[in-house]
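Me: I should like to understand the terms applied to this structure and the grounds on which each one is used. Please set each value against its criterion.

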Amino acid sequence: MLRRAGPTAAALCRRAASTSASPSSTAAATAAASSSAVNSILLRSLKEHYLEVSKMAPPPKTSPPKPFTIVKGSLDQASGPVLRREYGDAGEEISISVARLANILPPDADADSDSDPDAAGGDGGMSASISQLLLHVDISKPGAGKSLQFLCGLYPDAVGIHSVCLRSKDAESGEGNMASMGGGEYKGRIFQELDEKVRDALHHYIEARGINEKLFPFLQAWLYVKDHRNLIRWFKSVGTFISEPKP
């Protein structure tokens with residue numbers, strides 16, 4: 001009776017090599033599993049924080065002091081004016097943009113303004129930044145090629161001018177350009193170097209146009225709502241990016 005010869009040792013080795021995974025494929029599989037686990041943890045954390053932020057109660061609804069009106073769509077814009085009004089027989093057009101003071105100016109910049117340094121509460125950190133707003137005020141006249149622009153610190157009980165300049169209307173303005181207002185044009189003297197009577201007169205000038213502490217409650221609430229919306233969008237966008245399948 002004939003017997004079939006068994007496989008040689010070399011054949012067994014080749015068979016074993018062909019059925020076992022290579023080191024590179026094993027490493028790739030391990031890396032993929034690790035990445036998937038990290039993504040799952042991140043997505044779960046994003047979802048938890050998204051739900052937490054979604055449940056946050058909005059501030060009490062408030063309206064800007066008359067005759068200021070809210071610029072339509074301003075909550076959905078990255079920058080730009082929030083409030084507008086007309087003033088006087090000359091038909092002055094006044095627009096106001098707002099940002100957190102701590103996000104624009106250095107921590108010690110506010111010490112150079114005419115406003116009361118204790119008006120913001122003095123407790124520092126986030127609570128101080130909420131109580132310290134930066135206004136970009138643009139005052140223009142029909143047919144004029146330039147507008148008078150102010151940077152002001154706004155507090156619950158005070159307003160202080162940081163700088164003032166006359167600038168071309170076609171130049172960039174708003175929150176994104178607050179820190180560099182003036183461009184290449186002559187900006188005038190540093191505000192604190194102006195005569196005290198001139199500084200007082202400029203304060204009266206903007207206060208006569210409604211730029212005062214009465215704006216604070218509305219603009220603070222408006223910033224809160226805007227920040228809340230931006231945070232919600234950010235959680236959604238990051239979660240979508242992480243969970244999107246590879247194209």
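Reply: Rings of Phe, Tyr and Trp (its six-membered ring) pair if their centres lie within 6.5 Å, and planes over 60 degrees apart count as edge-to-face. By this rule the model, which is predicted, has two aromatic pairs.

Me: What makes the pair of Trp234 and Phe235 edge-to-face?

Reply: The ring centres of Trp234 and Phe235 are 5.4 Å apart and their planes stand at 65°. The limits are 6.5 Å for the centres and over 60 degrees for the planes, so the pair is edge-to-face.

Me: Are Trp234 and Phe235 buried or partly exposed?

Reply: Buried requires under 20% relative accessible area, and partly exposed lies between that and 50%. Phe235, at 11%, is therefore buried, whereas Trp234, at 48%, is partly exposed.

Me: How do you know that a charge sits over the ring of Phe68, and what is the distance for Arg209 and Tyr205?

Reply: The criterion asks for CZ of Arg within 6 Å of the ring centre and within 35 degrees of the ring normal. The charged end of Arg85 is 5.5 Å from the centre of the Phe68 ring and sits over that ring. Arg209 lies over the face of Tyr205 at 3.7 Å from the ring centre.

Me: Why is Leu83 called buried, and which residues does Leu83 contact?

Reply: Leu83 belongs to strand E2. Its relative accessible area is 0%, against a limit of under 20%, so Leu83 is buried. Outside its neighbours within four places in sequence, Leu83 is in contact with residues including Phe68, Ile70, Ile94, Leu215 and Phe218. Lys72, 11 residues away in sequence, has its C-alpha 9.2 Å from that of Leu83.

Me: What makes E4 and E5 a pair of strands?

Reply: Two strands pair if at least two bridges are found between them. E4 (residues 133–140) and E5 have eight bridges and run in the antiparallel sense. One of the bridge partnerships sets Ser140 opposite Ser147 in E5. The hairpin of E4 and E5 has five residues between the strands, and Gly143 in this hairpin takes a positive phi near 85°.

Me: How is E5 joined to E6?

Reply: E5 and E6 (residues 158–168) run antiparallel and are joined by 10 bridges, where two would suffice for a pair. Cys152 has Ile161 in E6 as its bridge partner, and Gln149 stands opposite Cys165 in E6. The hairpin from E5 to E6 passes through two residues.

Me: Why is E5 described as largely enclosed by the rest of the structure?

Reply: Of the 10 residues of E5 (residues 146–155), eight are buried, so the strand is largely enclosed by the rest of the structure. E6 is mostly covered as well, with nine of its 11 residues buried.

Me: Why is Leu148 called partly exposed?

Reply: Leu148 lies in strand E5. Its relative accessibility is 23%, which is not under the 20% required for buried and not over the 50% required for exposed, so Leu148 counts as partly exposed. Not counting residues up to four places away in sequence, Leu148 touches Val137, Asp138, Ile139, Val164, Cys165, Leu166 and Tyr205. The C-alpha atoms of Leu148 and Ile94 are 9.6 Å apart, with the two positions 54 residues apart in sequence numbering.

Me: Which contact joins the side chains of His136 and Gln149, and is His136 buried or exposed?

Reply: The side chains of His136 and Gln149 are joined by a polar contact of 3.0 Å; the limit is 3.5 Å. His136 is located in strand E4. At 4% relative accessibility, against the limit of under 20%, His136 counts as buried.

Me: How confident is the predictor, and where are the lowest and highest mean values among the elements?

Reply: The average pLDDT of the chain is 78, and 70% of the residues score at least 70. Among the elements, helix H4 (residues 125–130) has the lowest mean, 47, and strand E2 (residues 83–87) the highest, 97. Residues 109–128 have pLDDT below 50, and this stretch has 27 contacts in the model beyond near neighbours in sequence. Where pLDDT is low, the predicted coordinates should not be read in detail.

Methods
Residues are numbered from 1 along each chain as its sequence is written. This is a predicted model: local features need pLDDT of at least 70, side-chain atom pairs count only at pLDDT 80 or more; totals for chains, interfaces and linings use all residues. Side-chain values use heavy atoms; hydrogens and water are left out. Buried means under 20% relative accessible area, exposed over 50%, partly exposed in between (1.4 Å probe, protein chains only). Helices (H or I, at least four residues) and strands (E, at least two) are DSSP runs, numbered from the N terminus. A polar contact is a pair of N or O atoms within 3.5 Å; within protein, one must be able to donate a hydrogen and the other to accept it, and residues adjacent in sequence count only if both atoms are side-chain atoms. pLDDT is the predictor's confidence in each residue, from 0 to 100. Contact means heavy atoms within 4.5 Å. Rings of Phe, Tyr and Trp (its six-membered ring) pair if their centres lie within 6.5 Å; planes under 30 degrees apart count as stacked, over 60 as edge-to-face and the rest as tilted.
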